[in-house]
Amino acid sequence: MKKSLQISVKNPCSENFANFKKTEQGGYCNSCQKEVIDFTGLSDLQVVQHFKKDNGNTCGRFRTSQLKNYEFESVGIMNMNIFPKNLGIASFSLLALCATAPVQSQEVAQATPKMEMVLSQRVGNAKVVADSYTVRGTVLDETDLPLPGVNVILKGTSIGTTTDYDGKFEFPQKLEANDVLVFSYIGYDTKEYKVAASQNDTIDITIVFDATDIELMGDVVVGGAYKSKRNIFQKFIALFK
């Protein structure tokens with residue numbers, strides 16, 4: 001029997017998930033005083049299973065590709081305890097586990113955000129490198145338009161700046177090799193840039209936020225489910241509920 005769940009975020013939150021205190025399932029938002037569950041690394045099956053168990057008020061972090069209508073066979077995700085123990089379903093359970101494991105692994109792998117960076121200068125063959133660097137550059141969206149107001153923070157500190165109207169920035173202090181800059185903007189996943197040793201003391205970079213990185217966070221709205229007509233086999237299974 002087919003069912004569906006419609007998951008959406010009607011009013012996206014403007015808080016920065018990267019600033020939340022980490023919890024077992026995501027992060028704790030001090031502004032809302034509640035836990036925000038991170039769904040971005042979960043497979044479709046795991047998302048459905050969560051909302052089958054939890055019908056309460058959930059605040060979640062999603063990729064836009066996850067905010068959709070989920071269709072599933074109710075027999076496939078229902079509690080296996082509905083079958084009598086003497087039916088001998090061990091082999092069926094093992095087969096289902098083998099079938100779903102690769103799917104979950106694939107979804108997690110695809111959730112890894114991409115980062116695109118372009119260094120404008122070329123490092124020569126000289127062995128002498130600068131001790132510190134001025135890092136500046138431009139931040140663009142997926143259509144190559146400048147993004148104003150992007151936060152640029154030195155990882156592990158509160159030191160930073162924001163991009164101007166043209167998406168440009170210059171970090172306010174000198175950086176050293178292996179320092180990491182974190183770029184964050186509402187609606188997108190964060191980006192990181194690691195400073196590499198260079199012959200020049202000024203480094204120009206371009207950071208591109210890709211459309212696949214867009215994320216939304218807020219209270220989850222779960223739509224009603226529909227049921228398709230049951231076939232003979234499904235009616236037979238229902239007798240053991």
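# A tour that starts at D44

Select D44. At 28% relative accessibility, D44 counts as partly exposed, because the partly exposed class sits between the buried limit of under 20% and the exposed limit of over 50%. Keep in mind that this is a predicted model.

Now colour the surrounding element. D44 belongs to helix 1, which covers residues 44-53. Show side chains and add K68. The side chains of D44 and K68 make a polar contact of 2.9 Å. Then put a distance label between the C-alpha atoms of D44 and E71. The label should give 9.8 Å, for two residues that are 27 apart in sequence.

**Step back: the whole chain**

Zoom out and switch to cartoon. The protein chain has four helices and 15 strands. It has 241 residues, and 32% of them count as buried. How much of the contact count, at a separation of 6 or more, comes from residues 24 or more positions apart? Such pairs account for 66% of those contacts.

**Colour by confidence**

Next, colour by pLDDT. The chain average is 74, and 65% of the residues score at least 70. Which elements mark the two ends of the confidence range? Strand 11, residues 168-170, is highest, with a mean of 97. Helix 3, residues 90-110, is lowest, with a mean of 40. Now select residues 75-123. Their pLDDT is below 50. Beyond near neighbours in sequence, this stretch still has 58 contacts in the model. Where pLDDT is low, predicted coordinates should not be read in detail.

**T138 and its side-chain partner**

Go to strand 8, residues 134-140, and pick T138. Is T138 buried or exposed? T138 is buried, because its relative accessible area of 15% falls under the 20% limit. Show K168 as sticks as well. The side chains of T138 and K168 are joined by a polar contact of 3.3 Å. Widen the selection to everything in contact with T138, leaving out neighbours within four places in sequence. You pick up D166, G167, K168 and F169, along with I205, T206 and I207.

**T163, held at two backbone atoms**

Move to the loop between strand 10 (160-162) and strand 11, and select T163. T163 has 5% relative accessibility and counts as buried. Turn on backbone atoms here. Which backbone atom of L147 lies 2.7 Å from a polar atom of the T163 side chain? It is the backbone oxygen of L147. The T163 side chain also reaches the backbone nitrogen of V150, at 2.9 Å.

Now show the contacts of T163, again without neighbours within four places in sequence. L147, P148, G149, V150 and V152 are on the list. So are V139, K168 and F169. K168 and F169 are also in the contact list of T138.

**The largest pocket**

Switch on a surface and find the largest pocket. It holds about 840 Å³ of space. How many residues line it? The lining has 35 residues, and those closest to the pocket centre are N16, F17, A18, N19 and T190. Colour the strands that give two or more residues to the lining: strand 3 (26-29), strand 9 (151-154), strand 12 (180-184) and strand 15 (215-222). Then colour the lining by class. You will have 15 nonpolar, twelve polar and eight charged residues.

Select N16 from the central group. N16 sits in the loop between strand 1 (2-9) and strand 2 (21-22). N16 is partly exposed, because its relative accessible area of 24% lies between the 20% and 50% limits. Draw a C-alpha to C-alpha line from N16 to T190. The two are 9.4 Å apart in space and 174 residues apart in sequence.

**Two loop residues with positive phi**

Finish with backbone angles. Most residues other than glycine have a negative phi. Select Q33, in the loop between strand 3 and strand 4 (34-38). Its phi is near 60°, a positive value in a non-glycine residue. Is Q33 buried or exposed? Q33 counts as exposed, because its relative accessibility of 52% is over the 50% limit.

The last stop is N178, in the loop between strand 11 and strand 12. What is phi at N178? It is near 80°, again positive in a residue other than glycine. N178 counts as exposed, at 54% relative accessibility.

Methods: Residues numbered from 1 in each chain as written. Heavy atoms only, no water. Buried < 20%, exposed > 50% of the residue type's maximum accessible area, 1.4 Å probe, protein only. Polar contact = N/O pair within 3.5 Å; in protein donor to acceptor, adjacent residues only side chain to side chain. Contact = heavy atoms within 4.5 Å. pLDDT = per-residue confidence, 0-100. 1 Å grid on protein atoms, 1.4 Å probe; cavity = no way out; pocket = protein on both sides within 12 Å on 5 of 7 lines; lining within 4 Å. Points joined across faces, edges and corners; volume = space filled by probe spheres on them. Nonpolar A, V, L, I, M, F, W, Y, C, P; charged D, E, K, R; others polar.
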